[in-house]
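Visitor: Please take a close look at one helix pair in this structure, and then at the backbone details in the loops.

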Amino acid sequence: MRVAGGGPRKKPTRAQAHRVSSRTVRVSGPIRDPSIRAAEEDAGNAKLNPDAAALLAWYDRHRRVLPWRAAPGETPHPYRVWLSEIMLQQTTVKAVGPYYVRFLKRFPTVERLAAAPLDDVLKAWAGLGYYARGRNLHACARAVVAQHGGKFPDTEEGLQKLPGIGPYTAAAIAAIAFDRPAVAVDGNVERVIARLCAIDEPLSAAKPRIREVAARMTPSRRPGDFAQAMMDLGATICTPKQPACILCPWNEACAALRHGDPETFPHKAPKAERPLRRGAAFVAVRADGFLLVRTRPEKGLLGGMTEVPTTAWHQNFCDSHEALDDAPRLAPRRNGWHETKWRRIPGVVTHTFTHFPLELTVYVATVPAGARAPAAMRWVALRDLHGEALPNVMRKVVAHALDPARTRPAS
Ligand code: SF4
């Protein structure tokens with residue numbers, strides 16, 4: 001599912017718009033017991049099904065210009081739609097934009113992507129996170145070329161048989177690329193519907209109901225535009241904070257606005273605990289300008305990506321006892337190990353993965369030009385590091401280690 005994202009707006013400000021809208025559009029009457037709001041709406045509010053035509057008319061005037069989106073009158077390009085949808089999984093529109101443009105330049109067609117080595121694809125993907133998506137992207141391109149002659153299937157069922165395409169992504173591609181009446185419910189759409197219907201259940205429990213409402217609302221005419229209009233409405237008007245209700249084409253139909261508390265929807269379930277994991281990372285720099293790296297296992301977190309050697313990451317990691325036991329041993333000659341002097345860099349590197357936050361202490365060592373890499377590790381020239389499939393957390397580690405302000409000896 002895509003993450004919800006906001007978009008730039010000018011006048012009026014969100015705060016103004018929300019204040020004004022709450023005053024001017026609210027339907028008179030007492031605020032009722034929240035537990036019965038949804039039932040009341042279901043029971044026959046004539047405006048429960050907001051008018052698709054009103055949203056499409058709004059979309060025709062205010063649609064976002066996005067690098068992967070076909071201009072009005074243009075036929076959408078399935079490869080571009082698919083690429084953008086995979087990139088947008090768990091990543092914001094703003095973050096994806098530059099990656100998408102670079103990636104498309106490098107791999108302009110599904111055939112070119114399928115023919116590229118996986119490593120090249122992962123390098124181009126580096127920085128977008130969730131690297132399983134990069135690997136699936138490559139596998140999917142190969143499947144489209146090998147099994148479908150380079151043409152994406154045009155149904156949800158057909159799309160879901162491809163690697164890395166789940167129900168949401170299949171629906172989004174089917175709707176946007178092929179104008180199918182598929183129901184694509186991302187975070188933006190969930191928020192819009194939860195507010196329109198003032199759904200009181202926590203979002204996790206409300207998903208089936210939201211989907212049902214979304215299916216009922218989807219028109220048979222221009223379903224692809226409708227899907228994108230819903231996404232745009234959530235991203236630019238019905239934003240998580242201070243929705244600009246006065247500008248919303250559905251403000252008269254919105255139950256949450258009538259009750260004066262749109263921002264409180266969708267309700268969230270209490271967050272699950274995500275205990276901090278800790279570990280240490282080792283940045284070995286050869287005197288002739290090379291950095292010691294290794295490739296992570298194909299399966300699992302950051303699978304197939306490049307990293308500097310690290311300890312395991314776990315909750316009970318104890319820096320002073322465990323760290324240097326796992327430091328790589330470097331051999332300058334055939335006749336023995338180089339006595340590597342590891343220096344702890346002040347501060348820590350922090351990074352947040354979906355399921356846990358991570359804190360890494362960083363050790364640095366400078367080793368002679370002839371030092372040989374331990375088994376399963378390799379040297380990469382520092383000048384070529386930008387071309388490695390280095391995930392963000394490792395970019396932070398290297399930057400932290402090589403920051404002259406941190407590595408300068410104390411005077
Ligand atoms: S759908 Fe969102 S933006 Fe529109 S009126 Fe309701 S809360 Fe406001």
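Guide: What follows covers one helix contact and then three loop residues. The model is a predicted one.

The helix pair is α3, residues 52-62, and α13, residues 223-236. Their axes lie 9 Å apart and cross at an angle of about 75 degrees. Because angles from 65 to 115 degrees count as roughly perpendicular, α3 is roughly perpendicular to α13. On the α3 side, the contact is made by Ala52, Leu55, Leu56, Trp58 and Tyr59. Facing them in α13 are Asp225, Phe226, Gln228, Ala229, Asp232 and Leu233. Sorted by class, the contact of α3 with α13 holds eight nonpolar residues, one polar residue and two charged residues.

The loop after α13, which runs between α13 and α14, contains Gln242. Phi of Gln242 is near 45 degrees, a positive value in a residue other than glycine. Gln242 has 17 other C-beta atoms within 10 Å, so Gln242 is partly exposed.

A positive phi is also found at Asp179, again a residue other than glycine, with a value near 55 degrees. Asp179 sits in the loop between α10 (167-178) and α11 (187-196). Asp179 counts as partly exposed because there are 18 C-beta neighbours inside 10 Å.

The remaining loop lies between α14 (255-258) and β1 (277-286), and Pro266 is found there. The peptide bond that joins Phe265 and Pro266 is cis, with omega about -5 degrees.

Technical notes:
Residues numbered from 1 in each chain as written. Predicted model: local features only at pLDDT ≥ 70, side-chain atom pairs only at ≥ 80, totals over all residues. Axes fitted to C-alpha atoms, helices over the stretch in contact; angles between N-to-C directions. Helix = DSSP H or I, 4+ residues; strand = E, 2+ residues; numbered from the N terminus. Parallel < 35°, antiparallel > 145°, perpendicular 65-115°, else oblique. Contact = placed C-beta atoms within 7 Å. Nonpolar A, V, L, I, M, F, W, Y, C, P; charged D, E, K, R; others polar. Buried ≥ 20, exposed ≤ 12 C-beta atoms within 10 Å, placed from the backbone.
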